[in-house]
Amino acid sequence: MQVTIQPLKNQQLEQVLSLDQVCFGGIWTKGAYEREIASPNSFLLTLVQENSESKQQLIGIGCFWAIVEEAHITLLGIHPDYRGQGLGELLLCCLLEGARTWPLERATLEVRVSNTAAIALYQKLGFEIAGRRKDYYPMPPEDALILWRSRLDEPEFAEQLKKLQEKRCADLLTKGWHILQSGEGFNY
Ligand SMILES: CC(C)(COP(=O)(O)OP(=O)(O)OC[C@H]1O[C@@H](n2cnc3c(N)ncnc32)[C@H](O)[C@@H]1OP(=O)(O)O)[C@@H](O)C(=O)NCCC(=O)NCCS
């Protein structure tokens, strides 16, 4: 199996809406994704799986907005059939590497307090809990934790990201996944 990490393309809009639905319950519309593709302040990566019949399927998505010197992570999702294998961590590493090379100094996001999988993943990458927004989410109503990761520009963090990416790619290879990266302006 082959997975390519690449920016979202217009021809993937229908697939991205399906993935958005299964990962987030449908938070962004087609128009919203079109605006993301066009926006110079949005960094939006996808994981595209190619099977043995060369059929492509979108299985992961991650996005941040560059606001002043901050990366606001707006999306991170892996298709439920592909979770628990390291793809979410790899995608987050790629987003943070994108933020570093932008260059941005800090990353932040909100996450449901019950979302233990996502919180554990972010904490693994050095995110810390900085606060809580009461009843931030609807359906079901729930508080959000505000997470921050500072010092993206430090060489130690660049090294940590590189090691995590290499470890994940090697581990994914043992599970039969070949990871590729492609795309204009996507040079890490
Ligand atoms: C959060 C999400 C992206 C993780 O993707 P994933 O591919 O399953 O995660 P990975 O396999 O890469 O796991 C990486 C790390 O995340 C944490 N993690 C992942 N799943 C976990 C779980 N079920 N319970 C606890 N920790 C978990 C672990 O720290 C794991 O590291 P480890 O393998 O060394 O234990 C995925 O669960 C998802 O798409 N969830 C729905 C959308 C969502 O909630 N996004 C976040 C919104 S802020």
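1. Let's start with the sheet of this predicted model. Its 8 strands form an open sheet in the order 6-7-5-4-3-2-1-8, and the pairing is mixed. At the edges stand strand 6 (128-137) and strand 8 (178-181); each has a single partner strand, so one side of each is left without a neighbour in the sheet. On average, neighbouring strands here are turned by 25° against each other, direction ignored.

2. For a closer look at one pair, take strand 1 (residues 2-7) and strand 2 (residues 42-50). They run antiparallel and are joined by 6 bridges. Within this pair, V3 stands opposite Q49 in strand 2.

3. Now to the ligand, which may interest you most. It is surrounded by 20 residues, and the closest are R83, G88, E89, A117 and L121. Two or more residues of this shell come from each of strand 4 (70-78), helix 3 (87-101), strand 5 (106-112) and helix 4 (116-124). Helix 4 gives the largest share, 6 residues.

4. What is the make-up of the shell around the ligand by class? There are 10 nonpolar residues, 7 polar ones and 3 charged ones.

5. Finally, a check on helix geometry. Helix 5 (residues 155-174) has 20 residues, so at 1.5 Å a residue it should span 28 Å; the C-alpha atoms at its ends are 29 Å apart, which agrees. After helix 5 comes G176, which has a positive phi, near 95°.

Technical notes: Residues numbered from 1 in each chain as written. Predicted model: local features only at pLDDT ≥ 70, side-chain atom pairs only at ≥ 80, totals over all residues. Helix = DSSP H or I, 4+ residues; strand = E, 2+ residues; numbered from the N terminus. Expected span 1.5 Å × (residues − 1). Near = placed C-beta within 6 Å. Nonpolar A, V, L, I, M, F, W, Y, C, P; charged D, E, K, R; others polar. Pairing = 2+ DSSP bridges. Axes fitted to C-alpha atoms, helices over the stretch in contact; angles between N-to-C directions.
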